[in-house]
Each structure stands twice: as C-alpha cells, then as structure tokens.
Amino acid sequence: MNSAIHSAKPDRSAVLFRCLLLICLAAFMTLSMPAAHAESVPLDQHWEYRWGDSPFKDDTPLWAIESDTAQWQSIDFPSNPPGRNGRENIWYRTLIPEGGWRDPVLYIFSVDLIVEVYLEGERIYHYGEFDAEGKGRFEGWPWHMIPLPEDAAGKPIHFRVYSNYMDIGLWGEVKIMDQLELYQQIIKESIDSLIITLFSLLIAVLALLFALFKSGRLTLLALGLFSLASAGLALSTSQAKQLLFNHALMWEYIGAGSYYLLPIALALMLQAWFGRLRWLYRSLVGLFLVYLIGALGLSLAGVVSLANTYPLFDLLFAVLVPGMLLCTLHRLPQADSDQRIMLLATTTLTLLLLVDMAVAHGWIAWSRIPVGWGSLMFSLAIVALSLRHFIHTQNALAQLNATLENRVAERTSELKILARREADRARALEFGNRKRALLDKMISAMEQSETVEHAIERMTEHFPDLCEPLPGGLYRSTQHHWELELHWCQETLPSRHALTDTPRPEGDEWHNFRIEYEDPRNGNQLVGMLVVNLDSRNINFEQLNPLTLQTLLLRAVDRINLTLSKIVLQQALNRFSYEDALTGLNNRRFLDEMLSREVALTHRNHTPLALMICDIDHFKQLNDTYGHAAGDEVLQSVAQLLHATFRETDIICRFGGEEFVVVMPTATLQECQDRAEQLRINMASQTFTYGTEMIGPVTLSAGISALHRDNDTADDLLRRADNALYQAKAGGRNRVISADTGARHQI
C-alpha cells in the first residue's frame, strides 16, 4: 500500500495549477452557465434496511430481486440503524423518484465503508471490493456519482454495504440530479476550500522559507506547519479534490496526516507565544507526533484500517486541545494584541473542529461545517502578523505579485480556451447522445428480425442517418470482390482495393470497419465493410477528433456485430430444437408442426401427398443382445439409408425410438410404395457391424398412406399409415403394407 500511495502522489505544482483552473471554472460557471432544467431530488424517504448479506445466484443478489418485504424494516435515513450488535453487513433499498433529468446521476456525499449498488438486480456501481465473505478493505471516503438510466424512475435501487467502522451506511447528502448540475455544485461549493488551500500553501511556503534565514524560527516553523496542515485539510475535505486527482485513499492519507498535524502545529505556536507553559506544549507535541507516525505507519503497513485511527485521535483531541487552550487562557491578561489574535483564531478553529467531529460521529444532525473558514481566519491572522514582522519583504512580494499577475493573465487566456472547448464538448455530447439514440433504434429494428438477412436489410437502411454528416458508404462482399451497396454525403469513395484492415496512410481519413457476425458452425462471416471519412472538419467539433470518432464508430460496429451474432445464434437454436441429436433427422416436434402445414398446402393446391411410417424389426432384442451403443449405430445407419432412398424434397423425421416417418409432398401412393419397398430391400441386404461383431440380419416393416379426401387431416393420414404398419408387424414383419390398397411386399 505504501508504494501505491507514493506512486499516485501528484506533483505539487500540478495540484496548484489545477486549483487555479477550478477556481476560474467555478467563477465562469456561476456567471455564465444556465441552471439545470430539472431540480435535484433528495432521497430522504421510503428507505428500508435489512441486516446481513444477500445470497447470490449467478452473480445476482437474491435480496435485490425478491418481492418479499417481511424482512425489510423502515428507516428515515440509510445510516446506523438500530440493532447492529457488531454486525458488519447491511442492505438498504428505496425507490427512485420521478424527475425530468436528461443525464441522471445518484449523488452520495460518502459511504461507510464500501458499497455495491444494484438496479433491478443488476450491479450498476461499486466502490471497494467485496470478498467471498462479503467483506472488504477501507478505500477512503470519496463522494459518489452513480449514473442512472433515463427510465430508472419508479424502480427499486439496492445498496450492499460493508463496514467494520463505528458507522455503517450512507452519510451526508443523497440525491438525484443531472450530471452537469452535480459538477456545477461540486465546483461552486469547493471554491472557498480551493481559495483557502492556495492561500494557506502560499503562507506555508513563505513561512518555511523565512524560517531558514530569520530569527524566531520556531514561530515561523509552527506557522508554516499549521498553514500546511490547514491547506491539506481544506483540500482533502473539498469535494473538488477528486476532480484534481481521483485517488480517494491518497486524499484520505493527506487528510488524516493534515488532521493529525494540526494539534502539533497549535502546540508549537502556543509554545512560541506563551513560553512559560513550554513543558505542556512539548508534551502534547510529543504525544501527537507519536500518534501521527504510528497511525499512518500502521495503516500503510496494513496492520490497522486508516478509518479506525480516527476515533481515538478524536478522543485525544477533544480532551487535550481544549485543555491546552484553557491553560493558555489563564495568561490572556498578560498577552499582547498579536497573541490575542492568534489565540482567538486558534480557539475558533478548535471549536469548529469539535463541531465537525460531533457531526462525523452522528452526535448532531449532518450539515456542512465551515472548518475551512476557521483555517482562513487563522491564515489571515498569520498574514497580519507576517506583514507587521516582515515589512521589509514588500519588494520581494511586489515582484511576486507581478509574477502572479502574469500567471493570472496566462490562466485567463487558458480559461477562454477552456470555455470554447467546453462549448464544443457540450455540442459533442449532444451529437453523441443523438447518435446513440439512432443506434438504439437500429439495434431495436435488427433485433425484431427473424433472419440475419432481414436484420442486415434493417441495418443498411439506418446507416446513412447513423453516420451523417460523415461521408461514407457500405460495401458488400460478393463472389470474391466488393460491390458498393449504398453511399451518402459524398460520391467519391476509396477504391475497392483500399478495403483492408491495415492502418491507413498518414493524412488519409478514410477508415474501414468490418461488419461481421459469429456463426456457431462456420465461425466469422464477413457481411461487408463500412467505409467512413473521419475528418473532424466534417463536424467542426474540436472535442470530436478522428481518434474519438473512430472509437465511437468501433463501439457502434461492435454492437451491430454482436446483434447479428445473437440473431444467427437464435436461428441456430431454433434449428437445433427441431433436430434429433442422435440421427441428425428432424424430430417429432418438427413433424407435428410441419405435417399440418403440408396437408393444408396439398388441399389448397390439389396436389398429391403420401406418407410412410417404418419401424426396425426386433429392435428391443437387438439392444438386449448387442447393447444400446450397437442400437444407436443401427439407428444412424437407417437414417443414412433414408436419405439415400428418398428424394431431397421429402421430409424425413425420427418419430421416436426405432420408428421413422417420411412425408412425400407431390408424391402418389404408388411412388411412396416404390420408395418404401426399395428402402426395405436395401435394409435387408445391408450388413450391420458393431466393432468387430456382426449384427444381423436387420429388417424393417413399413406402412404407407396417401391423402385422398378434401377433409383428410394430418392425424387421419398418420393414423392410417400407423395402422398399416401394425398390419405389417402382425403379418410377420419385413414388409410394406399400404393402408389404402392393402398391397403387401415382403421377402
């Protein structure tokens, strides 16, 4: 964990630069950006909770899809419900309210400690990793932005929470709002913390630099440490920190280190100003320094969770720091104005920290405590004293101000560029949303197709609207060459020889995208090649460069290819449902559905129709003698004989067991009888073996019938043929009996 923290540590100058940008961006958004169309809606009612952890089935938590409400209990807010008794797992749920959001997100101020969010049983968000026992490690206390689908209103949403901390559940604000509105809120509400951070860092740098060269080094060192801790605390408690650098655990370590450093800096400052109580201040410095090093060291080593180091520190802070201030207040009558200003600022900050501590532990209702303003008051006191004690630094400060003014001018210019890019980004976002809607419409039309050919037709119809205003076309592969099927926006397209997957030459914005699907039997099948000109000048959005456009099109083509593959797979599954696995013939289900259609078609067209049903003689005895594996080989051989004997237009089915049915459209009874007799002869003359063992002779009996009345049904036809088969069996087997003429053929 130590290496991870150090590798993720941002450069200080980069953080300062990002802070300045966020401050400028917040001012710009406040003055120029319109309010969101839909109001944010707090989720402050209809909450329920359930202690424990849900069982899972196929990665789906059963609690998130069950309709039973007996185990769920109501709660005003999803945090610290009664009856915990040391339990570390809990579920919360509520309903998503109605709202007119265009890009809805669920905003949560914080969670104790890790969470998974499910919408209708599907996981849509997680923070932290749950192990097989439903537990996990502390990953920090960031704010959470959970994207929601546009149709989420009225649907149940479930929260799976694990915490070995003193609190369990959600914390602070929980509401639904537009994503852009959330970003506006975070930046606007963080501007004071960012200003405090920058101001405190500037004071810390100046104080520490002067401490190297001036007298009164303890005072300057204490001021520098306090300003540094104030900057770290203000920045780590600001929600904009995740926009500066999205590494929640790193910010928790910065916040914890800054928080644990505060009493050390306070004690050092009071020691410098009130030297008579030096023993008290030094004792507190030593105690809190040991705690700072021990807490962060043990947490980085994985011995304890960083979250569990706060309660003990809060107890020490709540007892010792006010005690230190009370001891110092006894010397207030002898203090000068500078000491009184510092003591007032220190006391104010301490009170704010105590109130914030009470909110964190749930002793008072949640609200945002302006701890940063206490730090700002202290920083202002530092500025006042610094100006009084270091007036001779004015020339240096003037030079520094000139440098800062130049930098502000540079940042202002950069802000204008950023504003233009933000406008382009909004236009690009609208463009992307519109194209996603068209893609969804295409996919929906394709999914309604029964065959892949129909789906390709639907796809082709939608391509111009999907790719517009980018010029392009669709080539189809036919007989080893490419044919242009359609094109849009531009008539000049790449030559057919340019249709390849290899990278395009530099400066050539034409790109090819393979339209293909996965066939279960034949592998990848190439449908065609989508050719599109990705020159972003066709759109005039800086945010949509060729690489971005290529990524968007690749995702769209992936969805199209996946949809085609799903349709092909569904066709294959439908085909498999009508096929006998052993013989490869059509099965009884196929016969039942097909025969009625064939009979109706025969009556309508006034054409003949004949049917044969046959049965392998003494098949049970064969199975008993040679085994079922030998019987299976005989069945497969009979299937091959049927294919060899009957016409390609005849429909051959395995009726069940050792019985087979052949439907012969447009065939007369005599033609059917000839084919059946030929099958009987071929069967009787064939030698069957299983391994090295001879099986046989094997014969079959058959019954045939023809459709000869307008009111004949499929059942009538099948029943007459079955009766004829029964006569063949009763007559000694190895023969063909016609139900209509009584004709008999046998050896």
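**Exercise 1. Are W63 and W72 buried or exposed, and how do their rings meet?**

Solution. Start with burial: W63 and W72 are both buried, where buried means under 20% relative accessible area, exposed over 50%, and partly exposed in between, with a 1.4 Å probe and protein chains only. Next, the rings: W63 and W72 make an edge-to-face aromatic pair, 6.4 Å centre to centre with 75° between the planes. For Phe, Tyr and Trp (its six-membered ring), a pair needs centres within 6.5 Å; planes under 30 degrees apart are stacked, over 60 edge-to-face, and the rest tilted. Finally, look above W63: the charged end of R50 sits over the ring, 3.8 Å from its centre. That label asks for NZ of Lys or CZ of Arg within 6 Å of the ring centre and within 35 degrees of the ring normal.

A word on the model before going on: it is predicted, so local features need pLDDT of at least 70 and side-chain atom pairs pLDDT 80 or more, while totals for chains, interfaces and linings use all residues. Residues are numbered from 1 along each chain as its sequence is written, and side-chain values use heavy atoms, without hydrogens and water.

**Exercise 2. Work out why the pair F288 and F313 is edge-to-face, and place both residues in the chain.**

Solution. The ring centres of F288 and F313 are 5.7 Å apart and the planes stand at 70°, so the pair is edge-to-face. F288 lies in helix α7 (residues 278-300) and F313 in helix α8 (residues 310-329), 25 residues apart, so to speak a link between distant parts of the chain. Helices (H or I, at least four residues) and strands (E, at least two) are DSSP runs numbered from the N terminus. F288 has 1% relative accessibility and counts as buried; F313, at 0%, counts as buried too. Both belong to one aromatic cluster, whose members include Y259, Y291 and F317.

**Exercise 3. Find the order of the open sheet of four strands, and explain why β1 and β10 each have one side without a neighbour.**

Solution. The order is β1-β12-β7-β10, with antiparallel pairing; strands pair if DSSP finds at least two bridges between them. β1 (41-42) and β10 (144-147) are at the edges with a single partner strand each, so one side of each has no neighbour in the sheet. Further in, β7 (residues 104-112) and β12 (residues 169-178) pair over eight bridges, and D112 has G169 of β12 as its bridge partner.
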